[in-house]
Amino acid sequence: MTEVELQTKLHELISRWESECVEFKEATDNYPTPEIGKYFSALSNEAALHQQARGWLVFGVRNKDRSVVGTTYRPDHARLDSLKHQISQNTGGPTFREIHELTVHGQRVLLFEIPAAVQGAPVAWNRHFYARDGESIVGMALDKLDELRRPQEVDDWSAVVIPPASLADLDPVALKRARVQFTLRHSNNADEINSWSDAVFLNRARLTADGGITRAALLLLGKAESTHHLTPHPAQITWRLEGAERAYEHFSPPFLLTTTEVFRRIRNLTVKFLPPSQLLPVEQMKYDQKVVLEALHNCLAHQDYTRYERVVVIETTDRLVFENGGNFFEGTPDDYQISERTPRRYRNPFLVHAMASLGMVDRMGYGLHDNFLRQRQRYFPLPDFDLTQAGTVRYVLHGQLLDENYSRLLLTLSDLPLAQIVALDRIQKGETPDLSALKELRQAQLVSGNRPRLIINDHALIQAAHRAAYVRNRAQDFEHYRKLVLDYLRLYPGSSRKELNELLLPKLPEALNASQRSDYVHNLLGKLKSAGLVRVEGFKRGARWFWVPEDSRPSET
């Protein structure tokens with residue numbers, strides 16, 4: 001996460017305040033590690049129960065008033081990073097996904113990112129399972145524990161062992177690549193991994209089961225001529241070009257290698273657009289390799305193989321469409337694109353575990369969300385899911401700009417909230433966002449027009465609106481308001497405080513609230529009185545204010 005994304009995340013957590021999946025602490029350097037471990041267990045388990053991708057433990061924010069006060073916990077970076085190992089020793093493996101350190105208003109804040117527990121494997125701390133009860137950490141109730149321990153009730157086509165298949169049916173180049181990928185993910189044990197035999201490696205990488213070659217192993221590492229073991233499944237990815245030119249090509253296992261060949265087959269040209277107030281255009285490739293491979297690998301991971309269908313990649317002049325057989329298996333697309341949900345179960349858990357061990361997919365479900373963010377960072381339209389065809393999931397990746405105003409906004413307003421970007425993306429695609437999102441866009445001067453004919457405002461108009469808002473919100477100096485009061489009292493001697501409020505309050509910055517504006521007027525009048533520029537007769541509501549002529553006032557400095 002970038003610094004801006006971290007700042008936004010902290011703001012969201014504070015705004016939402018504490019939930020079952022978030023905890024705030026001030027935390028000094030001697031905050032006990034066992035307490036952190038209990039929170040790790042509780043927040044990880046609660047995140048899984050609430051279908052969240054992660055929980056958060058935040059140090060440096062006072063609980064009672066939501067203020068950022070900073071933390072002195074483990075200021076040495078190496079010592080802070082060592083906490084990951086301490087936690088994993090007492091949880092049996094799970095630990096923080098990341099410990100983020102940032103500065104807010106000069107104060108140090110730590111965000112501990114805690115992955116949600118995996119279905120079937122609740123997280124314990126020192127052999128005890130913890131959960132939340134309001135703001136308290138308690139032992140996990142049996143109903144929660146049973147829910148997390150409940151196994152996935154699904155037959156796994158990918159886990160079936162094919163008795164006739166052997167190591168000879170695996171592609172040696174793919175096997176070598178698999179070792180490299182696995183070692184990269186477990187670099188601390190590289191020497192040990194290099195000493196393993198092929199049989200031991202395949203078993204540890206979850207590609208074989210008790211030494212037997214599984215369907216998952218044949219899909220990812222199998223030779224093209226060994227796919228007869230998977231009959232009647234075609235075991236193919238089909239690339240198809242549609243439009244003025246038409247072409248197609250079938251790609252067989254090993255999919256660990258051939259998915260990259262599919263990407264190379266796609267015509268990946270350069271897209272240009274001109275940012276506002278610049279002479280040189282921004283250039284982006286139509287498709288980002290990581291985004292394409294993430295989409296393709298997800299098709300393989302979530303394909304319903306019992307339907308005996310191919311994965312299909314359709315290329316047109318302006319988009320890629322990825323198709324896999326089966327209905328959307330867990331949750332809804334928005335769960336993964338926007339809220340980073342962790343899947344509770346998989347259609348092909350054995351295959352997903354194997355692909356995750358080789359770095360092909362993110363088992364926590366972050367892959368699709370990362371695609372969403374990468375398209376945003378490239379100023380392109382966001383990906384779409386099309387679930388209108390029964391029994392098929394279609395994932396649409398746009399390869400051209402739809403509305404340059406949208407792309408210019410992403411380029412120049414890098415701090416736009418994600419929800420607003422989603423709403424803007426829907427508008428550029430001719431859709432209408434929900435009323436609350438549309439209201440926010442109008443308040444930010446980002447859109448105009450009436451439903452359903454909404455348009456994204458030109459960047460220059462938005463900048464002008466922002467400049468006008470700045471003028472309305474900036475504070476004038478003391479001399480400006482002093483002159484207003486003195487001129488008014490010279491014309492209308494004996495004015496009441498209410499009349500002076502009516503003069504001044506509308507002219508004060510819009511950013512000030514009612515109480516702050518009233519205080520400002522009170523202080524201003526007090527300074528003018530102390531300087532001898534005005535005088536007051538009477539008390540409280542009966543007080544009347546008068547201008548003091550220049551020959552009766554003390555010399556001004």
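## Helices, sheets and hairpins in a predicted model

Just after helix H2, Gln51 adopts a positive phi of about 55°. That is a handy place to start a walk through this model, which is a predicted one.

Helix H2 itself covers residues 33–49 and has 17 residues. From its first C-alpha to its last it reaches 24 Å, close to the 24 Å expected at 1.5 Å a residue. Most of H2 is covered, with 14 of its 17 residues buried. As for what H2 sits against, it lies across strands E1, E2 (54–59) and E4, and runs at about 145° to E2.

Those strands belong to an open sheet of four, ordered E1-E2-E4-E3, with mixed pairing. At its edges are E1 (22–25) and E3 (98–104), each of which pairs on one side only. On average, neighbouring strands in this sheet are turned by 20° against each other, direction ignored. Strand E3 pairs with E4 (residues 107–115) in the antiparallel sense, over seven bridges. One of the bridge pairs there puts Glu98 opposite Glu113 in E4.

Further along the chain come two hairpins, and strand E6 (residues 128–133) takes part in both: E5 and E6 form one, while E6 and E7 form the other. Strand E5 spans residues 124–125, and E7 spans residues 136–139. Here they are side by side.

| Hairpin | Pairing | Bridges | A bridge pair | Residues between strands | Positive phi in the turn |
|---|---|---|---|---|---|
| E5 and E6 | antiparallel | two bridges | Ala124 and Phe129 | two residues | Asn126, about 50° |
| E6 and E7 | antiparallel | four bridges | Arg132 and Ile137 | two residues | Gly134, about 70° |

Next, a single side chain in helix H6. Arg179 is found in this helix, which covers residues 172–185. Is Arg179 buried or exposed? Arg179 is buried, because its relative accessible area is 17% and buried means under 20%. What does its side chain reach? The side chain of Arg179 gets to the backbone oxygen of Trp196 at 2.6 Å. Leaving out residues up to four places away in sequence, Arg179 touches Ile193, Asn194, Trp196, Ser197, Asp198 and Phe201.

H6 turns up again in the surroundings of helix H13 (residues 349–357). Eight of the nine residues of H13 are buried, so the helix is largely enclosed by the rest of the structure. The buried ones are Pro349, Phe350, Leu351, Val352, Ala354, Met355, Ala356 and Ser357. They pack against H6, strand E8 (208–209), helix H9 (215–221) and helix H11. Just after H13, Gly359 has a positive phi of about 75°.

H11 leads on to another sheet. This one is open too, with six strands in the order E11-E10-E14-E15-E17-E16 and mixed pairing. Strands E11 (247–251) and E16 (384–386) stand at the edges with a single partner strand each, so one side of each has no neighbour in the sheet. Neighbouring strands here are turned by 20° against each other on average, direction ignored. At the E16 edge, E16 pairs with E17 (residues 392–398) in the antiparallel sense over three bridges. Among the bridge pairs is Asp386 with Arg394 in E17.

Which strands does helix H10 touch? Helix H10 (residues 255–265) packs on the sheet and touches E10 (237–241), E11 and E14 (311–315). The direction of H10 makes about 165° with that of E11. Helix H11 (residues 289–302) lies across E10, E14, E15 (319–325) and E17, and runs at about 15° to E15.

Finally, the chain as a whole. Its secondary structure comes to 21 helices and 21 strands. Of its 557 residues, 48% count as buried. If you take contacts between residues at least 6 apart in sequence, 63% join residues at least 24 apart. The accessible surface comes to about 28,000 Å², and 49% of that belongs to carbon and sulfur atoms.

Methods:
Residues numbered from 1 in each chain as written. Predicted model: local features only at pLDDT ≥ 70, side-chain atom pairs only at ≥ 80, totals over all residues. Heavy atoms only, no water. Buried < 20%, exposed > 50% of the residue type's maximum accessible area, 1.4 Å probe, protein only. Polar contact = N/O pair within 3.5 Å; in protein donor to acceptor, adjacent residues only side chain to side chain. Contact = heavy atoms within 4.5 Å. Pairing = 2+ DSSP bridges. Axes fitted to C-alpha atoms, helices over the stretch in contact; angles between N-to-C directions. Expected span 1.5 Å × (residues − 1). Areas by Shrake-Rupley, 256 points an atom, 1.4 Å probe, with all protein chains shown as cover.
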